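Me: Hi, could you walk me through this one? I'd like a quick tour before I go back to the bench.

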Amino acid sequence: MYFKSWSLVALFILAVAVHAFDFHSDEAAACATKHWDEIREIANPKISMVDDILPKAGAERVRALLDGKSQLPKDPPPRDWLGKAADAIPEGLMKMFGKDIIEKCVNEMKH
């Protein structure tokens, strides 16, 4: 019983520590725009894997965001596009598509 209680506490602490990143924020959109070329460089080679790594509905949403193209647009898309992409791609996989760049930039803005 004692071990089980501590295990639950540890899981709670871990869940709080691994919070979701807000891709819908103004800061995230500004950082994505600022670092768009870097994000494109990381993401474009991986876009062809979308059908293999995402559930069918997620892959369809990504293809719709890309207008059927196999690469991210050359110019940064509208502000709400990033949030829509994050809604289609699980956060754990967003790392493959430039999440670290955006997250680092947002953290730098806050400090």
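Reply: Happy to, so here is a short tour by question and answer. One thing up front: this is a predicted model.

Me: Good to know. What's the average pLDDT for the protein?

Reply: The average pLDDT is 84, and 83% of the residues score at least 70.

Me: And where does pLDDT stay under 50?

Reply: Residues 1–5 are one such stretch, and the model gives them zero contacts beyond four places in sequence. Residues 8–18 are also below 50, again with zero contacts beyond near neighbours in sequence. Where pLDDT is low, the predicted coordinates should not be read in detail.

Me: OK, on to the fold. How many helices and strands are there?

Reply: There are eight helices and zero strands. Read from the N terminus, the order is α-α-α-α-α-α-α-α.

Me: What share of the residues is buried?

Reply: Of the 111 residues in the protein, 34% are buried. As for contacts between residues at least 6 apart in sequence, 79% of them join residues at least 24 apart.

Me: Which residues touch the most other members of the largest nonpolar core?

Reply: Those are Phe23, Ile39, Val62, Leu72, Trp81, Ile89 and Ile102, in a core of 28 residues. Two or more core residues come from each of helix H2 (26–34), helix H3 (36–43), helix H5 (56–65), helix H6 (79–88) and helix H8 (99–110). H6 gives the most, with five residues.

Me: Let's stay on H6, then. Which of its residues are buried?

Reply: The buried ones in H6 are Trp81, Leu82, Gly83, Ala85, Ala86 and Ala88. Their cover includes H2, H3, H5, helix H7 (91–94) and H8.

Me: And what is isoleucine 89 in contact with?

Reply: Setting aside neighbours within four places in sequence, isoleucine 89 contacts Leu54, Val62, Met94 and Phe97.

Me: New topic: cavities. How many of 30 Å³ or more does the structure hold?

Reply: It holds two. The largest has about 180 Å³ of space. Its lining has 16 residues, and Leu72, Trp81, Ala85, Ile89 and Phe97 are the closest to its centre. Ile89 and Trp81 were also on the list of core residues that touch the most other members.

Me: Which helices supply that lining, and how does it divide into nonpolar, polar and charged?

Reply: H3, H5 and H6 each supply at least two residues. The lining of the largest cavity divides into 16 nonpolar residues, no polar and no charged.

Me: What about the second largest cavity? What lines it?

Reply: That cavity has about 70 Å³ of space. Ala29, Ala32, Thr33, Trp36, Pro76, Pro77, Pro78, Arg79, Trp81 and Leu82 line it. The elements that give two or more residues here are H2 and H6. By type, this lining has eight nonpolar residues, one polar and one charged.

Me: Trp81 came up for both cavities, right?

Reply: Yes: Trp81 is among the residues closest to the centre of the largest cavity, and Trp81 also lines the second largest cavity.

Me: Last one: aspartate 67. Where does it lie?

Reply: Aspartate 67 lies in the loop between H5 and H6. Its phi is positive, about 55°, although it is not a glycine.

Me: Buried or exposed, and why is aspartate 67 put in that class?

Reply: Aspartate 67 counts as exposed because its relative accessibility is 62%, and exposed means over 50%.

Key:
Residues are numbered from 1 along each chain as its sequence is written. This is a predicted model: local features need pLDDT of at least 70, side-chain atom pairs count only at pLDDT 80 or more; totals for chains, interfaces and linings use all residues. Side-chain values use heavy atoms; hydrogens and water are left out. pLDDT is the predictor's confidence in each residue, from 0 to 100. Contact means heavy atoms within 4.5 Å. A nonpolar core is a set of buried Ala, Val, Leu, Ile, Met, Phe, Trp, Tyr and Cys residues joined through side-chain atoms within 4.5 Å. Buried means under 20% relative accessible area, exposed over 50%, partly exposed in between (1.4 Å probe, protein chains only). Helices (H or I, at least four residues) and strands (E, at least two) are DSSP runs, numbered from the N terminus. On a 1 Å grid over the protein atoms alone, a cavity is a set of points where a 1.4 Å probe fits but cannot get out, and a pocket is an open set with protein on both sides within 12 Å along at least five of seven lines; lining residues have an atom within 4 Å of a point. Grid points are joined across faces, edges and corners, and a volume is the space filled by probe spheres set on the points. Ala, Val, Leu, Ile, Met, Phe, Trp, Tyr, Cys and Pro count as nonpolar, Asp, Glu, Lys and Arg as charged, and the others, Gly among them, as polar.
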